[in-house]
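Please walk me through this structure, from its interior to its surface. I would like to see which residues hold its parts together.

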Amino acid sequence: VQLQASGGGLVQAGGSLRLSCAASGGTFSNYALGWFRQAPGKEREFVAATSWSATDYADSVKGRFTIVRDTAKKTVYLQMIGLKPEDTAVYYCALGSGRPRTFPGGYVYWGQGTQVTVSS
């Protein structure tokens, strides 16, 4: 399985972006898909994840970010609104099995990351 993340960019505080993660190979529908982010000097942190049975969000993004999967297109999206400077990071998509996990070790496949920069 290969994951290709895209959609990052530079946006002003309060703006919005939609990240995409396209999967190729493998069976997409039975997996959990997650988004993580990593700011310079910080550990990779959980943002959002979804499976066929559940969706989960980090408290810091609840109400602002929405994760959506399109099984037919084998793509997962992260819609982000109300962006804040503290959302600045490289965003990674990941694919794993079972329920959504909030820790990186719960995922097997990773995309290459896409940079999101929010200016104040």
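A residue is called buried when its relative accessible area is under 20%, exposed when that value is over 50%, and partly exposed in between. The model discussed here is predicted. By this measure, Cys 21 and Cys 93 are both buried.

These two cysteines form a disulfide, with 2.1 Å between their sulfur atoms. A search of the whole structure finds one such bond. The link between Cys 21 and Cys 93 is right-handed, with 65° about the S-S bond. Cys 21 belongs to strand 3 and Cys 93 to strand 9, so the disulfide ties together parts that are 72 residues apart in sequence.

The largest nonpolar core has 32 residues, and those with the most contacts inside it are Trp 35, Val 47, Phe 65, Leu 78, Met 80 and Tyr 91. Several strands supply at least two residues each, among them strand 3 (17-24), strand 4 (31-38), strand 5 (45-50) and strand 8 (75-80). Strand 9 gives the largest share, five residues. Beyond its neighbours within four places in sequence, Tyr 91 is in contact with residues including Leu 19, Trp 35, Val 47, Phe 65, Leu 78, Met 80 and Val 116.

Ser 20 is also in strand 3. Its relative accessible area is 16%, so Ser 20 counts as buried. Leaving out residues up to four places away in sequence, Ser 20 touches Gln 4, Ala 5, Ser 6, Trp 35, Thr 75, Val 76 and Tyr 77.

Charged side chains come next. The count of salt bridges is four. One of them pairs Glu 45 with Arg 37 at 2.6 Å, N to O. Arg 37 is buried, with a relative accessible area of 6%, whereas Glu 45 is partly exposed at 36%. Another joins Asp 87 and Arg 64 at 2.7 Å, N to O. Asp 87 sits in the loop between strand 8 and strand 9, and Arg 64 in the loop between strand 6 (55-57) and strand 7, 23 residues apart. Both Asp 87 and Arg 64 are buried. Through shared partners, salt bridges join Arg 37, Glu 45, Arg 64 and Asp 87 into one network.

Asp 59 and Lys 62 form a further salt bridge, their closest N and O atoms being 3.2 Å apart. Asp 59 is exposed, with a relative accessible area of 65%, and Lys 62 is partly exposed at 49%.

On the surface, Val 1, Val 108 and Tyr 109 make a nonpolar patch of about 240 Å². Val 1 lies in the segment before strand 1 (2-6). With a relative accessible area of 34%, Val 1 is partly exposed.

Note on methods:
Residues are numbered from 1 along each chain as its sequence is written. This is a predicted model: local features need pLDDT of at least 70, side-chain atom pairs count only at pLDDT 80 or more; totals for chains, interfaces and linings use all residues. Side-chain values use heavy atoms; hydrogens and water are left out. Patches are made of residues with over 30% relative accessible area and no salt bridge: like charges are joined within 9 Å, nonpolar side chains (Val, Leu, Ile, Met, Phe, Trp, Tyr) within 5 Å. Accessible areas come from the Shrake-Rupley method with a 1.4 Å probe; for residues, only the protein chains shown count as cover. Helices (H or I, at least four residues) and strands (E, at least two) are DSSP runs, numbered from the N terminus. Buried means under 20% relative accessible area, exposed over 50%, partly exposed in between (1.4 Å probe, protein chains only). A nonpolar core is a set of buried Ala, Val, Leu, Ile, Met, Phe, Trp, Tyr and Cys residues joined through side-chain atoms within 4.5 Å. Contact means heavy atoms within 4.5 Å. A disulfide is a pair of cysteine sulfur atoms within 2.5 Å.
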